[in-house]
Amino acid sequence: MSAISATSAPQKNDLPLIPARLLGGPTVLLEYGGLRLLTDPTFDDPGVYPLTEDFALVKTAPPRARPADLRPLDAVLLSHDQHPDNLDHSGRALLASVPVTFTTPAGAGRIDGEARGLAEWESATLARPDGGTVTVTAVPAIHGPDGIGQQVMGDVTGFVLTSDGLPSVYVSGDNASLDAVRRIAERFGPVDTAVLFIGAVRADQVGGELITLDSESATEAARILGARRVVAAHMEGWEHFREGPDDVVKAFAAAGLAHTLEA
C-alpha cells in the first residue's frame with residue numbers, strides 16, 4: 001500500500017519526499033542528498049537462525065533485492081548487529097564493502113569494514129556530491145520495556161538524518177519506547193519522514209513485553225514526531241513478527257493517519 005499526502009509539518013510541504021525503497025524486513029534504501037543509505041541489511045534466503053540450543057529465529061521470505069542490485073552504497077545505518085533479523089549473513093558480508101557503517105559503539109567492534117560507533121546524540125557527517133553535507137545523528141532506541149530492554153536485548157540505536165535544504169528523516173531501529181520517541185521529537189520534531197520498525201515483536205526474556213513497536217504504538221510515534229510520512233518496515237519476512245502490513249494499515253486508518261503511510 002502507498003498513500004501519501006499529509007500536513008503534519010506544514011513548513012515542509014514544499015520539499016520533495018525522500019525516496020525510500022522497502023526491501024523486506026528492516027532493510028530500506030534511502031536516497032538522501034545524493035547519497036544512497038541502507039538500513040539494517042538482510043539479504044539471505046529463508047532459513048533458520050539458532051540463537052540458543054532451544055530457540056531460533058526463522059526467516060520466511062526472500063529479499064526484494066540483492067546487494068549487487070543496490071550498488072553503489074554510500075553508508076549503512078545499522079541499528080544493531082546482534083540479532084539476525086537486523087543483520088543476517090549476507091548483510092554482514094556486505095558491510096565489508098561499504099564506505100562506512102554507522103552503528104552502536106559496541107557493534108562497531110564486531111563487524112568487518114569501516115565502522116563508526118555513535119553514542120546517543122553523537123553526530124557524524126557525510127559529504128554530499130553537490131558539496132554540502134549530511135549529518136547522521138544517533139538517537140535513543142530501547143529494544144524492549146523502558147528500564148530493562150537495553151540490559152537484556154543489548155544496545156540499539158536509531159538515527160536522524162538532516163541536511164541544509166532537505167527534510168529530516170528518522171530511522172527508529174528496533175525501538176519499543178515512546179518515551180525515547182518523545183525525546184527525539186523534542187530535539188528534531190517535526191520529522192518529515194519516519195522509518196518505523198514495527199512487527200509487534202515480543203520476547204520471553206522481558207516477560208513477553210514488546211521489544212519493537214506494534215501498529216498502535218507506531219501511530220502514536222507518528223503523532224509525537226509530527227511525521228508527514230511514515231515508512232513502515234520490520235513487519236514481514238520473519239516468523240516472529242506478530243503484525244504485518246494489513247495490521248499497520250488498519251491501525252493508521254483508525255488513527256486518522258492513513259494519508260501518511262507507506263507500507
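Me: Buried means under 20% relative accessible area, exposed over 50%, and partly exposed in between. In this predicted model, what does Arg182 count as?

Reply: Arg182 lies in helix H5, three residues from Asp179, about one turn of the helix. The side chains of the two residues meet in a salt bridge. The relative accessibility of Arg182 is 37%, which falls between the cut-offs of 20% and 50%, so Arg182 counts as partly exposed.

Me: How many salt bridges does a search of the whole structure find?

Reply: One of the salt bridges is formed by the side chains of Arg64 and Glu236, at 2.3 Å from N to O. Another is formed by Arg92 and Asp81, at 4.0 Å. Over the whole structure, the search gives a total of twelve.

Me: How many residues apart in sequence are the parts that Arg64 and Glu236 tie together?

Reply: Arg64 is partly exposed at 45% relative accessible area, and Glu236 is partly exposed at 30%. Arg64 sits in the loop between strand E5 and helix H1, while Glu236 sits in the loop between E16 and H7. The pair therefore links parts of the chain whose separation in residues is 172.

Me: Asp81 and Arg92 meet in a salt bridge; which of the words buried and partly exposed fits Asp81?

Reply: Arg92, in helix H2, has 30% relative accessibility and counts as partly exposed. Asp81 lies in the loop between strand E6 and H2. Its relative accessibility is 5%, under the 20% cut-off, so Asp81 is buried.

Me: Which residues of the largest nonpolar core touch the most other members?

Reply: This core has 27 residues. Helices H5, H6 and H7 and strands E13 and E16 each supply at least two of them. The members with the most contacts to other members are Tyr170, Leu196, Leu225 and Phe252.

Me: What do the buried residues of H7 line?

Reply: The buried residues of H7 are Val248, Ala251 and Phe252. Seen down the helix axis, they fall within an arc of 95°. The exposed residues Asp246, Lys250 and Ala254 are on the face turned away from the buried side. The buried residues therefore line one face of the helix.

Me: Which strands stand at the edges of the open sheet of seven strands?

Reply: The order of this sheet is E9-E10-E11-E12-E13-E16-E17, with mixed pairing. An edge strand has a single partner, so one of its sides is left without a neighbour in the sheet. E9, for instance, pairs with E10 in the antiparallel sense over five bridges. The edge strands are E9 and E17.

Me: In the open sheet of six strands, what does the twist average from one strand to the next?

Reply: The strands run in the order E1-E2-E3-E6-E7-E8, with E1 and E8 each pairing on one side only. Within the sheet, E2 and E3 pair in the antiparallel sense over four bridges, and Glu31 stands opposite Arg36 in E3. From one strand to the next, the twist averages 20°.

Me: How far apart in space, C-alpha to C-alpha, are Leu29 and Val76?

Reply: Leu29 is part of strand E2 and is buried, at 4% relative accessibility. Beyond four places away in sequence, its contacts include Leu37, Leu70 and Leu73. Leu29 and Val76 are 47 residues apart in sequence, but in space their C-alpha atoms are separated by 9.3 Å.

Technical notes. Residues are numbered from 1 along each chain as its sequence is written. This is a predicted model: local features need pLDDT of at least 70, side-chain atom pairs count only at pLDDT 80 or more; totals for chains, interfaces and linings use all residues. Side-chain values use heavy atoms; hydrogens and water are left out. A nonpolar core is a set of buried Ala, Val, Leu, Ile, Met, Phe, Trp, Tyr and Cys residues joined through side-chain atoms within 4.5 Å. Buried means under 20% relative accessible area, exposed over 50%, partly exposed in between (1.4 Å probe, protein chains only). Helices (H or I, at least four residues) and strands (E, at least two) are DSSP runs, numbered from the N terminus. The arc is that of the directions from the helix axis to the C-beta atoms. Two strands pair if DSSP finds at least two bridges between them. Axes are lines fitted to C-alpha atoms, for helices over the stretch in contact, and angles run from 0 to 180 degrees between N-to-C directions. Contact means heavy atoms within 4.5 Å.
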